Amino acid sequence: MGKGFESKTIISKPIDEVWSYISDFNNADKWMTGVTDLRPKEPGSICKGSKLFFQSRGSERESEITAWEPLKMMELTSTQAGVTATYAYSLKSMGDKTELKLNAGCIATGFWKILHPIIIIAMRASDSKHPVQIKNAIEG
């Protein structure tokens with residue numbers, strides 16, 4: 001995954017409701033900063049290896065589900081130029097509440113290695129809020 005950041009929150013909903021919300025990619029624009037129209041490349045079931053298309057900063061991009069364990073975790077990985085970014089969302093049941101944790105990181109190659117520390121700062125600034133944005137959306 002490479003260097004990155006971690007953020008987490010506790011959501012006052014059971015794990016099945018949290019999983020249902022984050023695994024329904026129609027909700028992504030409510031909690032993924034700068035992402036719109038996240039959808040599977042192929043209609044049907046979602047699983048490890050599934051490709052997703054999304055709009056971000058005016059461009060269509062592609063992501064791959066690199067881990068998928070219903071009610072436990074999902075990991076999305078995308079590569080743009082020489083930067084591969086990975087976002088792993090994991091859930092832990094706490095009875096009628098759920099701990100949601102995001103581990104994000106990136107690997108930079110070529111010219112992009114020079115900018116790697118800045119890329120991580122930018123990722124943290126825009127995306128470390130994902131767990132709280134999910135919490136706010138689910139809890140209303």
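**Notebook: fold, helix α1 and Glu75**

Started with the order of elements: from the N terminus on, I read β-α-β-β-β-β-β-β-α-α. That makes 3 helices and 7 strands for the protein. Note to self: this is a predicted model.

**Overall shape**

I looked up the radius of gyration next and got 15 Å. A compact globule with 140 residues would come out near 14 Å, so the value agrees with that. Along the principal axes, the C-alpha atoms fill a box of roughly 45 × 30 × 25 Å. I also checked burial: 41% of the 140 residues count as buried. For contacts, I took pairs at least 6 apart in sequence and found that 49% of them join residues at least 24 apart.

**Helix α1**

Which residues of α1 are buried? In this helix, residues 15–22, I noted Ile15, Val18, Trp19, Tyr21 and Ile22. I then looked down the axis of α1: the buried residues fall within an arc of 165 degrees, so they line one face of the helix.

What covers them? My list includes the strands β1 (3–11), β4 (59–69), β5 (73–80), β6 (83–94) and β7 (97–108). Helix α3 (130–139) is on the list as well.

**Ile22**

I picked Ile22 out of α1 for a further look. Its relative accessible area is 0%, and because buried means under 20%, Ile22 counts as buried. Leaving out residues up to four places away in sequence, I found Ile22 touching Trp31, Met74, Tyr89, Leu91, Leu100 and Ile134. I also checked Ile22 against Gly2, which is 20 residues away along the chain: their C-alpha atoms are separated by 23 Å.

**Glu75**

Glu75 caught my eye in strand β5. Is this residue buried or exposed? I have Glu75 down as buried, yet without a salt bridge. I looked for the nearest side chain of opposite charge and landed on Lys48, 7.5 Å away. A salt bridge needs the Lys or Arg nitrogen within 4 Å of a carboxyl oxygen, so Lys48 at 7.5 Å does not make one with Glu75.

What does the Glu75 side chain pair with, then? I found a polar contact of 2.7 Å to the side chain of Thr66. Thr66 also turns up in the contact list of Glu75, which I drew up without neighbours within four places in sequence. The others I wrote down are Met1, Glu64, Ile65, Ala67, Thr86, Tyr87 and Ala88.

Notes
Residues numbered from 1 in each chain as written. Predicted model: local features only at pLDDT ≥ 70, side-chain atom pairs only at ≥ 80, totals over all residues. Heavy atoms only, no water. Buried < 20%, exposed > 50% of the residue type's maximum accessible area, 1.4 Å probe, protein only. Helix = DSSP H or I, 4+ residues; strand = E, 2+ residues; numbered from the N terminus. Arc of directions from axis to C-beta. Contact = heavy atoms within 4.5 Å. Lys, Arg positive; Asp, Glu negative; His and termini not counted. Polar contact = N/O pair within 3.5 Å; in protein donor to acceptor, adjacent residues only side chain to side chain. Rg over C-alpha atoms; globule rule 2.2 N^0.38 Å.
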